[in-house]
Amino acid sequence: MRRALILIAALTLLVLPRIVLAQGQEHALIVAAGERVAGDVATVTRDIRVDGQVDGDVTSWSGAIRVAGSVRGDVVSYSGPIVVTASGRVGGHVLASGGALRLEPGAVIAGQVIRSEGGGALASLLDLFSPSAGVSAVGPLGRTLFGAGVGVLLLAFCLLLIALWPRRIQIASTALWSLPARALALGLLTTLVAGLALLPLSALLVASVVGLPLLLALLALALAPYIYGLAVLAHAAATRPGRSPALGGTTIGAALLLVLLIVAVMAWTPLWGLALFYALASPGLGAVILSRGGLRLPLAAQ
């Protein structure tokens, strides 16, 4: 485990570009006129002012961005306003999610301009997870509909896995019943390691508009094993160990109850709903790993 953490830390240092991060600082990060930054510039809750030149992307979480100089990459703000002055030049795209966007006459944007006020689908999706009070167009109804859509998909895939792989679900469920503590610890550890491994890559992808679709595809791919784990948990909660799963009322009811719990939290705040999904699915995922994908029951559980 120690070697794995050291390897992840080393990969983070190698993969991350030259990014400037600042948290909780009141003064703005300024790229002065005549100054040039070869890499990317990013802040958290800190404003950015570009009077000089930035060769990469400019990104801020909950901070305002003002471009009076030149940015060769994308300009992205989550929950913060963006201003591109008459002398400002942006070689990539501009995304204002949950914040106001003002382009002065004479400003040059080579790429696309995406803003929440325009009703863009991408910006609205981002506002679900990073809403800005009084600005975001996505309200409780939007979060409820989003949670309901996710819930329908989760329930459908869970029941489909139980129907297609009954033997594997049975073996993994038995492993969960027999070794609950080990399955929970392994599932949570896998989630932690996966999160640490994906964090640097996600930071790179969210820093540009082009990388956002790739991030969404990566997250969808990462959800697959957890849906498998949720199906195992639903079967373990509905039947006794060793019994073959069937799409009866008890199994469907257990899966529906788990999904409704996730949807209820997701309708309140999507981030906490997503965290709850991973927490509930982690024990099932640990049982899947212990049983080698549901192919063999561990010796300790036989």
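## A charged side chain over a tryptophan ring

In this predicted model, R168 is placed over the face of W165, 5.0 Å from the centre of the ring.

## Aromatic pairs

The structure contains 3 aromatic pairs. One of them joins Y226 and Y278 in an edge-to-face arrangement, with 4.7 Å from centre to centre and 90 degrees between the planes. This pair connects distant parts of the chain: Y226 belongs to helix α6 (residues 211–238) and Y278 to helix α8 (residues 270–290), and the two are 52 residues apart.

Y226 and Y278 also belong to one aromatic cluster, together with F277. Is Y226 buried or exposed? Y226 has a relative accessible area of 6%, and because buried residues are those under 20%, it counts as buried.

## The helical core

The largest nonpolar core comprises 35 residues. Within this core, the residues with the most contacts are L176, L230, V232, I262 and F277. Five helices each supply at least two of its residues: α3 (140–164), α4 (166–178), α6, α7 (249–268) and α8. Which helix gives the most to this core? The answer is α6, with 9 residues. F277 thus appears both among the core residues with the most contacts and in the aromatic cluster with Y226 and Y278.

Such an arrangement may be set beside a general tendency: in soluble globular proteins, nonpolar side chains tend to be buried together. Apart from the largest core lies another core, of 19 residues, which includes V50, V54, V67 and A96.

## The surroundings of V232

V232 is a residue of helix α6. V232 is buried, with a relative accessible area of 0%. Which residues does V232 touch, not counting residues up to four places away in sequence? They are I169, A172, S173, L176, G284, A287 and V288. One of these, L176, is listed with V232 among the residues that have the most contacts inside the largest core.

A distance along the same part of the model can also be given. V232 and A175 are 57 residues apart along the chain, and their C-alpha atoms are separated by 9.8 Å.

## Parallel strands

Strand β3 (residues 41–44) runs parallel to strand β6 (residues 58–61), and 4 bridges join them. Across this pairing, T43 stands opposite S60 of β6. Strand β6 also pairs with strand β9 (residues 75–78), again in the parallel sense and over 4 bridges. Here W61 has Y78 of β9 as its bridge partner. In general, strands of a sheet pair through backbone hydrogen bonds, either parallel or antiparallel.

An open sheet of 5 strands, paired in parallel, follows the order β2-β5-β8-β11-β14. Its edges are formed by β2 (36–37) and β14 (108–109); each has a single partner strand, so one side of each is left without a neighbour in the sheet. The partner of β14 is strand β11 (residues 89–90), with parallel pairing over 2 bridges. In that pairing, V90 is opposite I109 of β14.

## An unusual backbone angle after α8

R292 is located in the segment after α8. What sign does the phi of R292 have? The value is positive, about 55 degrees, although the residue is not a glycine. For context, most residues other than glycine have a negative phi. R292 is exposed, with a relative accessible area of 58%.

## The chain as a whole and its confidence

The chain holds 8 helices and 15 strands. Of its 302 residues, 44% are buried. Among contacts between residues at least 6 apart in sequence, 40% join residues at least 24 apart.

The average pLDDT of the chain is 78, and 73% of the residues score at least 70. Two segments stay under 50. Over residues 4–9, where pLDDT stays under 50, the model has 3 contacts beyond four places in sequence. Over residues 118–124, pLDDT likewise stays under 50, and the model has 12 contacts of that range there.

Key. Residues are numbered from 1 along each chain as its sequence is written. This is a predicted model: local features need pLDDT of at least 70, side-chain atom pairs count only at pLDDT 80 or more; totals for chains, interfaces and linings use all residues. Side-chain values use heavy atoms; hydrogens and water are left out. pLDDT is the predictor's confidence in each residue, from 0 to 100. Contact means heavy atoms within 4.5 Å. Rings of Phe, Tyr and Trp (its six-membered ring) pair if their centres lie within 6.5 Å; planes under 30 degrees apart count as stacked, over 60 as edge-to-face and the rest as tilted. Buried means under 20% relative accessible area, exposed over 50%, partly exposed in between (1.4 Å probe, protein chains only). A charge sits over a ring if NZ of Lys or CZ of Arg is within 6 Å of the ring centre and within 35 degrees of the ring normal. Two strands pair if DSSP finds at least two bridges between them. A nonpolar core is a set of buried Ala, Val, Leu, Ile, Met, Phe, Trp, Tyr and Cys residues joined through side-chain atoms within 4.5 Å.
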